[in-house]
Amino acid sequence: MPKLSIVQRTFLQLALAIVLIFFVLVLVYSLIFSAGFRDEQERQLSITAEVLAERLAGAWDTGHIQLVSASARGDIMYAARSNDAMIWLINSRGELIMSSAFPLYSREKLPQGANGLPILPEELRNADELVVTRNNYHHSLPPKDHWLSVSVPMESEIGVYAGELLVHRRILFGDLASSLSNRVMLVALGTAFLLAIFLFSFLSHKITRPIRQLAEVAAEVYRGDLSARVSLKKGQNTLFLDDREISRGQVRDDLNLLVRTMNTLIEKLERTEKERQDFMASISHDLRSPLTSIRGFVAGMLDGTLPSEDFPEYLSIVKDESDKLSRLVDALFELSLAENHEALQRSVFNLRDMIVSESAALTPQLQERQIKLSCECPDVRDKEEKILVVGDEKQIRRVLQNILTNALHYTPEGGEILLSVSTLKAGKGFEISIEDSGEGLAEKDLPYVFDRFYKGNKARGNEGSGLGLYIARTILQRHGEMIEAGRSERLGGAAFRFTLSSPESAAR
């Protein structure tokens, strides 16, 4: 039976908890409804009164006698309608100067002033803090209904009575309010809530623990600790995306897949950071050595330390060191071009001409080290025959140059380099293979040989920037082509194979 995903597990666990709690709460719902409804009315009414009082605070004249804001009445009427309430506004004299409704019973109960306005008696006035009452506001409201009243005093800078806002609302009582005295149901209510708290606490801890761990590891990585990894269980081996279970389709758990993805990303980030540090160290060394040599010879020639008759020899050394710096800069420039995501300038070109020209360019170096470069290209024997491929000709030439230069660098004197071209099945294009008779690639280096800055195989030397093969792979990947490294069965050294599409396959 396949494992459930985290979403499915969470749904089932919470559904079971909710169903259990629901059955218990159904028994007590009617018991708490009335009390809860009254409390909610009180809370909402208090909030409404406080918000409205704040809005009216700046609407008074200096003595808090009359309102000077034209929008005050609209605010009061809107609040009354939206809360199904009756609102009275009292000024500093205790006069009711504005109301959304004023029952006849209240008009009879409250005294009137000389100007005909109802007066709130001094004993009912509130100058201190918000007050909530349930006694028909001291019997000034119609007795046939039960009333909830909220009084909010207006702010006063000198501490005297500055008026107040009164909000009244009818209270709706449920028929089952009297059943709240039933102790058995109260016990059931308490038990249900305790059970709910326990279950949700347990489930939330269980469900969020992996997420919290992911967040903690992400925070550690953010602080620079790239050795941090996520583990679902204590003592469990670190899981990665390239484990065997992925290829077999055994990983169906969303959380498991998330952990594998997180660990894989951290590992790649750690490796990239290490490669960057190695590269910076290598670049620093490659820059420092030629510069130190150039500076030393130039300083010696300028201060007379070196004899003038030896200047040609020293200038030749300076030129060689300058060439090293130039090659390093060229490699960095090629890296920036390879990683540039601008559109490729694809065209159809003759691969045969490219192979011939690049082979000719290497002739001086081949002759100097007595290295033999052989081409096994059946289609190239006839100079009139073309090998047409599709791609960015300038970038594909860079791929060929980098791989040939790499083979030349690691082939010993008197060795051999073999370049062969073969047709892929169904005429989909061509496979280009470049093999050498050098030391070859170590098995452990094969997965990383195309990584940026990687120079892992000490047997093949540690010179260069470690960018040539990475640039070649990046260019071919942008073309949608394949490149792989291995060991040459014919020459015993390294072998690099990559593909190029023919015009016919590119048009499909």
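The two exercises below, each with a worked solution, concern the nonpolar cores and the aromatic pairs of this predicted model.

**Exercise 1.** Find which residues touch the most other members of the largest nonpolar core, and which elements give two or more residues to this core.

*Solution.* Begin with the core itself, which holds 39 residues, and in which I403, L419, I432, I434 and F498 touch the most other members. Next, turn to the elements that give two or more residues to this core, which are α9 (351-361), α11 (393-410), β9 (416-423), β10 (429-436), α12 (468-478) and β12 (494-501). Of these, α11 gives the most, with 7 residues. Then take I403 and leave aside its neighbours within four places in sequence: I403 is in contact with I434, L469, A472, I483, F496 and F498. Finally, a second, separate core has 24 residues, A49, A80, M98 and A162 among them.

**Exercise 2.** Decide how the rings of W88 and F102 are arranged, and whether each residue is buried or exposed.

*Solution.* A search of the whole structure finds 2 aromatic pairs. For W88 and F102, the ring centres are 5.2 Å apart and the planes stand at 65°; since planes over 60 degrees apart count as edge-to-face, this pair is edge-to-face. W88 lies in strand β1 (residues 86-90), whereas F102 lies in the loop between β2 (96-99) and α3 (104-109), so the pair ties together parts that are 14 residues apart in sequence. The cut-off for buried is under 20% relative accessible area, so W88, at 0% relative accessibility, counts as buried, and F102, at 16%, counts as buried too.

Technical notes. Residues are numbered from 1 along each chain as its sequence is written. This is a predicted model: local features need pLDDT of at least 70, side-chain atom pairs count only at pLDDT 80 or more; totals for chains, interfaces and linings use all residues. Side-chain values use heavy atoms; hydrogens and water are left out. A nonpolar core is a set of buried Ala, Val, Leu, Ile, Met, Phe, Trp, Tyr and Cys residues joined through side-chain atoms within 4.5 Å. Buried means under 20% relative accessible area, exposed over 50%, partly exposed in between (1.4 Å probe, protein chains only). Helices (H or I, at least four residues) and strands (E, at least two) are DSSP runs, numbered from the N terminus. Contact means heavy atoms within 4.5 Å. Rings of Phe, Tyr and Trp (its six-membered ring) pair if their centres lie within 6.5 Å; planes under 30 degrees apart count as stacked, over 60 as edge-to-face and the rest as tilted.
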